[in-house]
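Look at the sequence and the model together before reading on. The report takes the parts in turn, from a single chain to the contacts between chains.

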Protein chains: 6
Amino acid sequence: MGTVPLLSDDALSDEAHAVFADIRATRGTDYVNNFWRALAHDPAQLKATWERIKEVMAPGALDPLVKEMVYVAVSTANSCSYCVHSHTAAARAKGMTDEMYAELLRVIALASQTNGLVTAMQVEVDDAFKA
Amino acid sequence: MGTVPLLSDDALSDEAHAVFADIRATRGTDYVNNFWRALAHDPAQLKATWERIKEVMAPGALDPLVKEMVYVAVSTANSCSYCVHSHTAAARAKGMTDEMYAELLRVIALASQTNGLVTAMQVEVDDAFKA
Amino acid sequence: MGTVPLLSDDALSDEAHAVFADIRATRGTDYVNNFWRALAHDPAQLKATWERIKEVMAPGALDPLVKEMVYVAVSTANSCSYCVHSHTAAARAKGMTDEMYAELLRVIALASQTNGLVTAMQVEVDDAFKA
Amino acid sequence: MGTVPLLSDDALSDEAHAVFADIRATRGTDYVNNFWRALAHDPAQLKATWERIKEVMAPGALDPLVKEMVYVAVSTANSCSYCVHSHTAAARAKGMTDEMYAELLRVIALASQTNGLVTAMQVEVDDAFKA
Amino acid sequence: MGTVPLLSDDALSDEAHAVFADIRATRGTDYVNNFWRALAHDPAQLKATWERIKEVMAPGALDPLVKEMVYVAVSTANSCSYCVHSHTAAARAKGMTDEMYAELLRVIALASQTNGLVTAMQVEVDDAFKA
Amino acid sequence: MGTVPLLSDDALSDEAHAVFADIRATRGTDYVNNFWRALAHDPAQLKATWERIKEVMAPGALDPLVKEMVYVAVSTANSCSYCVHSHTAAARAKGMTDEMYAELLRVIALASQTNGLVTAMQVEVDDAFKA
């Protein structure tokens with residue numbers, strides 16, 4: 001129902017096939033979700049996006065679960081339904097408990113609320129907050 | 001320059017004064033930032049908002065620094081300039097290092113990018129992601 | 001500081017001049033705010049926009065003040081700083097009291113909050129709500 | 001199909017059960033819509049949200065129908081599909097006629113349009129609009 | 001499933017009927033898509049919107065295909081699912097090839113990404129960019 | 001005034017210095033705008049972003065001016081003030097005339113308007129638009 005058909009494995013270009021193989025190996029599952037099957041129409045973009053995700057979402061100064069929760073937060077504020085679904089599932093797979101999820105929702109709700117208040121009142125930035 | 005003047009301490013109602021006293025005691029500083037000085041025009045809303053923030057942002061299943069980073073993420077996606085400034089400052093005050101901040105920015109950038117791609121292609125949600 | 005210079009009266013085309021005259025007559029003031037001075041670079045768009053505003057914001061099934069408050073709400077959610085300022089001023093000029101404004105802000109804050117919650121949880125629309 | 005299952009009445013905690021009872025009593029109907037059934041996973045958040053809605057949406061300086069229309073406006077600009085559906089239904093239940101709804105849509109459309117124009121041209125805020 | 005029922009041809013007012021006739025004549029097809037069938041509840045708004053679209057989307061300094069791609073870009077950033085679908089279809093009907101579409105998606109993705117970065121860092125506008 | 005100080009040339013890391021040199025050579029000017037000076041705090045992100053921009057914005061199936069106009073459209077809908085300024089300037093540098101700009105603004109305004117209408121009415125996607 002998207003603007004492009006989802007590509008099945010046998011419709012992939014060689015370059016897209018290689019990316020799918022890496023997705024499967026990295027994630028340890030044969031399942032490749034719809035985002036990649038849509039993006040596979042542009043193998044160069046597919047490859048660039050996958051490599052960026054692999055790099056950015058890897059453990060670093062922030063742990064991967066924190067990164068997934070940030071991803072859910074951005075996707076919610078951007079009203080990206082698919083992204084909310086896929087990254088909430090990813091956060092759970094990385095250990096997000098029901099308690100953590102409830103707190104994440106509370107912070108998203110609170111931030112949305114105060115964002116609205118601040119924008120409506122056009123509050124000036126305090127000098128103390130400027131770098 | 002906002003839509004309401006910022007209230008100085010001597011212009012506060014008694015109810016607003018009590019909230020400011022609690023903000024100062026809780027944060028251990030005399031400084032009260034502009035958001036509260038704008039919101040003080042509606043003491044009931046001021047009180048409700050401050051109490052909610054105190055409760056939601058407290059340590060729990062997620063630590064306060066993670067919550068501040070989620071707050072920055074939501075505020076960025078909502079284009080709330082003041083909120084980005086104030087919660088980035090708060091995250092730093094709670095221990096966000098330059099490395100953590102750089103990673104936070106990378107996740108925000110990546111999520112924004114894939115949100116755009118997914119929405120443009122209107123990718124259908126995988127059954128596997130539904131609760 | 002915008003992307004186009006603001007046009008002073010003596011820089012207006014004849015068509016733009018006529019629109020400015022109607023703005024002044026309709027509003028009963030000589031002051032023409034910056035939005036119109038920016039838009040005046042495209043007199044046809046200026047005219048179409050002004051005529052639409054005059055028609056849509058006129059008294060009807062909803063009174064003009066309610067319309068201005070709805071305008072503030074949309075502008076806030078769209079993070080349009082100029083629009084929030086100008087329509088908050090317009091709402092006040094049409095009789096919005098401090099109490100009404102405080103309630104407007106509460107509704108905007110509440111709606112922003114529950115919008116965030118609903119989008120994060122991807123709640124399905126009840127059959128009862130469908131037309 | 002959300003990120004959390006909707007809770008039926010017999011799956012509710014005692015605290016959530018009490019909130020549902022108050023929703024039913026306040027609204028004079030046995031029907032509890034999906035938002036509350038999703039939120040019921042976090043009874044404290046459920047209670048806080050319901051109490052805030054009851055308070056904010058009550059008659060005051062603005063009448064409840066005006067508040068519902070503002071709610072629809074914010075929800076539209078935030079692209080919250082569920083919220084648009086539920087608050088449009090609520091506005092109708094509170095007396096929004098077809099004529100009022102048509103005017104509401106016109107204002108939302110007009111505000112969206114001028115928000116886009118203003119942001120694209122980055123119009124500076126007039127001094128006259130600053131508090 | 002919308003907030004208003006879609007009007008079939010025999011439910012149209014005379015004014016709406018005339019607009020539908022012009023849509024059909026202009027586009028050279030009997031098919032009238034759902035947007036117009038929803039908007040037809042407000043014949044004056046229907047007429048104003050259709051006439052504006054006909055004028056704005058016509059060939060001019062920009063060709064119609066470029067305009068459709070800009071429309072897709074705005075609709076994506078505003079998370080308007082219907083609009084993304086209808087204007088992507090329109091762009092294809094006006095000659096957008098798979099290669100052009102892939103490049104459009106890349107620009108949308110890139111702009112979304114740098115928008116997020118810039119907003120998160122609150123970068124000051126260079127004097128060189130001001131009009 | 002951002003959340004990070006802008007780096008002057010003598011504060012750059014070697015990796016950031018190399019990126020700046022490439023920006024200067026590619027653009028044929030010594031001027032490096034603030035976005036890059038903010039991003040230079042994370043040389044890896046700086047390099048990845050610059051290389052992506054160079055690649056995506058290059059001539060291809062779409063010409064670079066069309067890409068800049070799409071960039072302006074996305075940045076406007078995302079309320080990114082800096083991005084609107086910088087990409088409007090870039091579009092002008094690539095040949096956008098006043099007439100083209102006026103038409104771009106009209107399309108952005110129109111799309112914003114119909115996005116609002118469609119979302120408010122929750123119009124169902126026509127089967128004809130699905131891929």
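What follows describes one chain, then one helix, then the contacts between copies, then a few single residues.

## Basis of the model

This is a predicted model, in which local features need pLDDT of at least 70 and side-chain atom pairs count only at pLDDT 80 or more, while totals for chains, interfaces and linings use all residues. Residues are numbered from 1 along each chain as its sequence is written, and chains are lettered from A and ligands numbered from 1 in the order in which they are written.

## Chain A as a whole

Chain A contains 6 helices and 0 strands. Helices and strands here are DSSP runs, numbered from the N terminus: H or I with at least four residues for a helix, E with at least two for a strand. Along the sequence the pattern of chain A reads α-α-α-α-α-α. The domain assignment splits chain A into domain 1 (1–56) and domain 2 (60–131), with bounds that come from an automatic or database domain assignment. Between the C-alpha centres of these two domains of chain A there are 26 Å.

The C-alpha trace of chain A spans about 55 × 30 × 30 Å along its principal axes. Its radius of gyration is 18 Å, whereas a compact globule of 131 residues would have one near 14 Å. That radius is taken over C-alpha atoms, and the globule rule is 2.2 Å times the number of residues to the power 0.38. In chain A, 58% of the 131 residues count as buried. A residue is buried if 20 or more other C-beta atoms lie within 10 Å of its own, exposed if 12 or fewer, and partly exposed in between, with C-beta atoms placed from the backbone. Of the contacts in chain A with a separation of 6 or more, 56% join residues 24 or more positions apart. Two residues are in contact if their C-beta atoms, placed from the backbone, lie within 7 Å.

## Helix H6 of chain D

Helix H6 of chain D covers residues 98–121, which is 24 residues. From first C-alpha to last it reaches 35 Å, close to the 34 Å expected at 1.5 Å a residue; the expected span is 1.5 Å times one less than the number of residues. Of the 24 residues of H6(D), 20 are buried, so the helix is largely enclosed by the rest of the structure. Gln122(D), just after H6(D), has a positive phi of about 50°.

## Chain F against chain E

The contact between these chains takes 59 residues from chain F and 58 residues from chain E. On the side of chain F, two or more residues each come from helix H2 (34–39), helix H3 (43–56), helix H4 (64–77), helix H5 (81–93) and helix H6 (98–121). H6(F) gives the most, with 16 residues. By class, this side of chain F has 34 nonpolar, 17 polar and 8 charged residues. Ala, Val, Leu, Ile, Met, Phe, Trp, Tyr, Cys and Pro count as nonpolar, Asp, Glu, Lys and Arg as charged, and the others, Gly among them, as polar.

A turn of 180° and a shift of 0.0 Å along the axis lay chain F on chain E with an RMSD of 0.0 Å. The same surface serves both copies, as 98% of the contact residues of chain F recur in chain E. Copies are superposed by least squares on the C-alpha atoms of residues with pLDDT of at least 70 in both.

## Chain F against chain A

How many residues does each chain give to the contact between chain F and chain A? Chain F gives 7 residues and chain A gives 7 residues. The side of chain F that touches chain A has 4 nonpolar, 2 polar and 1 charged residues.

Chain F can be laid on chain A by a turn of 180° and a shift of 0.0 Å along the axis, with an RMSD of 0.0 Å. That is the relation of a two-fold axis. Asn78(F) is the residue of chain F that comes closest to the rotation axis, with its C-alpha at 4.6 Å. The copies meet through the same surface, because 100% of the interface residues of chain F are also interface residues in chain A.

## Single residues

Phe35(F) sits in helix H2 of chain F and is buried, with 24 other C-beta atoms within 10 Å. Leaving aside neighbours within four places in sequence, Phe35(F) is in contact with Val118(E), Val123(E), Tyr82(F) and Ser86(F). The C-alpha atoms of Phe35(F) and Cys83(F) are 9.1 Å apart, although 48 residues separate them along the chain.

Ser79(E) lies in the loop between helix H4 (64–77) and helix H5 (81–93) of chain E. Ser79(E) is not a glycine, yet its phi is positive, at about 55°. Is Ser79(E) buried or exposed? Ser79(E) is buried, with 23 other C-beta atoms within 10 Å. Gln122(F), in the segment after H6 of chain F, has a positive phi near 50°.
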